[in-house]
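The exercises below are to be worked with the sequence and the structure at hand. Each task is followed by a solution in steps.

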Amino acid sequence: MKMCFRILKNMFLLILVVCVCSGFVVAGKGYAVYREVVEETGLEEKVAAVRAKESYTEYEDLPRVYVQAVTAVEDKRFESHMGVDLIALCRAVKNDIRAGAFVEGGSTITQQLARNLYFEQDKDLTRKVAEMLVAMDLERNYTKEEIFELYVNAIYFGDGYYDVASASRGYFGKEPEDMTEYESTLLAGIPNAPSVYAPTKNPDLAVKRQLKVLERMEACGYLSTEEAETVAETAVGALAVVHQP
């Protein structure tokens, strides 16, 4: 019995050492990728390119309920973390190990912005490390409002809309500042999977995602139960109209 225990203990230590060494290798490669991309195109230049968009929308012109909806469903600790949410990251790692594949990324709003500025959407540990490093650079150089503003001006909303203004005009025929609670919460859910949740493509799935947004907003204290139910009723009613013969 003691011999078996000793063998198991040695195996565990060996696996631990291998994991630690692998972690250092991945971190080193990730740092190299990070240095390469920021030296090729500096962060200020990338940010300037986003701000140069003709349809760029400033933070002050975003409905408060839209900001809350995006924060609730994408990154509830956005205001408190420094670019990387360790709690969400640990949860994602646990779920990925359990699934034996990359099923959850744990990316913050800042990391998603970093990805859109520099990287492809492929899931790779080396790229993930580089993404985290860019995210921390963003947090050091820009305010939370600036990061959120850049984020909604650099993400894809489906149907060829690559910023919040284009999406608001395309889906609702209005400027972002004029979006209702129903429209704001619907739009907030789309970037998670634009080809799936675009209301012009899959209205049922878009509303299902919107109800998830409302659920998260209620859990975060942004909406009362009554307020969330009112918006949900509007969403379900609008869906019923879509399905009318």
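**Exercise 1. Arginine 209**

Task: Determine whether arginine 209 is buried or exposed, and state which residues it contacts.

Solution. The model is a predicted one. The relative accessibility of arginine 209 is 12%. Burial requires a value under 20%, so arginine 209 counts as buried. Next, arginine 209 is placed in helix α11. Finally, when neighbours within four places in sequence are left aside, the contacts of arginine 209 are Val73, Glu74, Gly189, Asn192 and Tyr197.

**Exercise 2. The second largest pocket**

Task: Describe the lining of the second largest pocket by residue class and by helix.

Solution.
- Step 1. The space in this pocket amounts to about 200 Å³.
- Step 2. Its lining consists of 13 residues, and those nearest the centre are Tyr182, Leu186, Pro199, Pro203 and Val242.
- Step 3. Sorted by class, the lining holds 12 nonpolar residues and 1 polar residue, with no charged residues.
- Step 4. At least two lining residues come from each of α8, α9 (181-189), α11 (203-220) and α12 (225-242). The most are given by α12, with 4 residues.
- Step 5. Proline 203 belongs to helix α11. Beyond residues up to four places away in sequence, proline 203 touches Leu239 and Val242. The C-alpha atoms of proline 203 and alanine 238 are 9.5 Å apart, although 35 residues separate the two along the chain.

**Exercise 3. The covering of helix α7**

Task: Establish how many residues of helix α7 are buried and what covers them.

Solution.
- Step 1. Helix α7 spans residues 144-152, and 7 of its 9 residues are buried.
- Step 2. The buried residues are Lys144, Ile147, Phe148, Glu149, Leu150, Tyr151 and Val152.
- Step 3. The cover over these residues includes α2 (43-51), α3 (64-74), α5 (109-118), α6 (125-141) and α8 (164-172).
- Step 4. Two of the buried residues, Phe148 and Tyr151, also belong to a cluster that ring pairs form with Tyr59 and Phe78. In addition, lysine 144 lies over the face of phenylalanine 78, 4.6 Å from the ring centre.

**Exercise 4. An aromatic pair**

Task: Classify the ring pair of tyrosine 118 and phenylalanine 119.

Solution. Rings pair when their centres lie within 6.5 Å, and by this rule there are 8 aromatic pairs. For tyrosine 118 and phenylalanine 119, the ring centres are 6.1 Å apart and the planes stand at 45°, so the pair is tilted. Burial is examined next. Tyrosine 118 has a relative accessible area of 14% and is therefore buried. Phenylalanine 119, at 11% relative accessibility, is likewise buried. Last, the face of tyrosine 118 has lysine 46 over it, at 5.2 Å from the ring centre.

**Exercise 5. Aspartate 159**

Task: State what is noteworthy about phi of aspartate 159, and where this residue lies.

Solution. Phi of aspartate 159 is near 55°, which is positive in a residue other than glycine. Aspartate 159 is located in the loop between α7 and α8. Its relative accessible area is 28%. Because the range for partly exposed runs between the 20% and 50% limits, aspartate 159 is partly exposed.

Technical notes. Residues are numbered from 1 along each chain as its sequence is written. This is a predicted model: local features need pLDDT of at least 70, side-chain atom pairs count only at pLDDT 80 or more; totals for chains, interfaces and linings use all residues. Side-chain values use heavy atoms; hydrogens and water are left out. Buried means under 20% relative accessible area, exposed over 50%, partly exposed in between (1.4 Å probe, protein chains only). Contact means heavy atoms within 4.5 Å. On a 1 Å grid over the protein atoms alone, a cavity is a set of points where a 1.4 Å probe fits but cannot get out, and a pocket is an open set with protein on both sides within 12 Å along at least five of seven lines; lining residues have an atom within 4 Å of a point. Grid points are joined across faces, edges and corners, and a volume is the space filled by probe spheres set on the points. Ala, Val, Leu, Ile, Met, Phe, Trp, Tyr, Cys and Pro count as nonpolar, Asp, Glu, Lys and Arg as charged, and the others, Gly among them, as polar. Rings of Phe, Tyr and Trp (its six-membered ring) pair if their centres lie within 6.5 Å; planes under 30 degrees apart count as stacked, over 60 as edge-to-face and the rest as tilted. A charge sits over a ring if NZ of Lys or CZ of Arg is within 6 Å of the ring centre and within 35 degrees of the ring normal.
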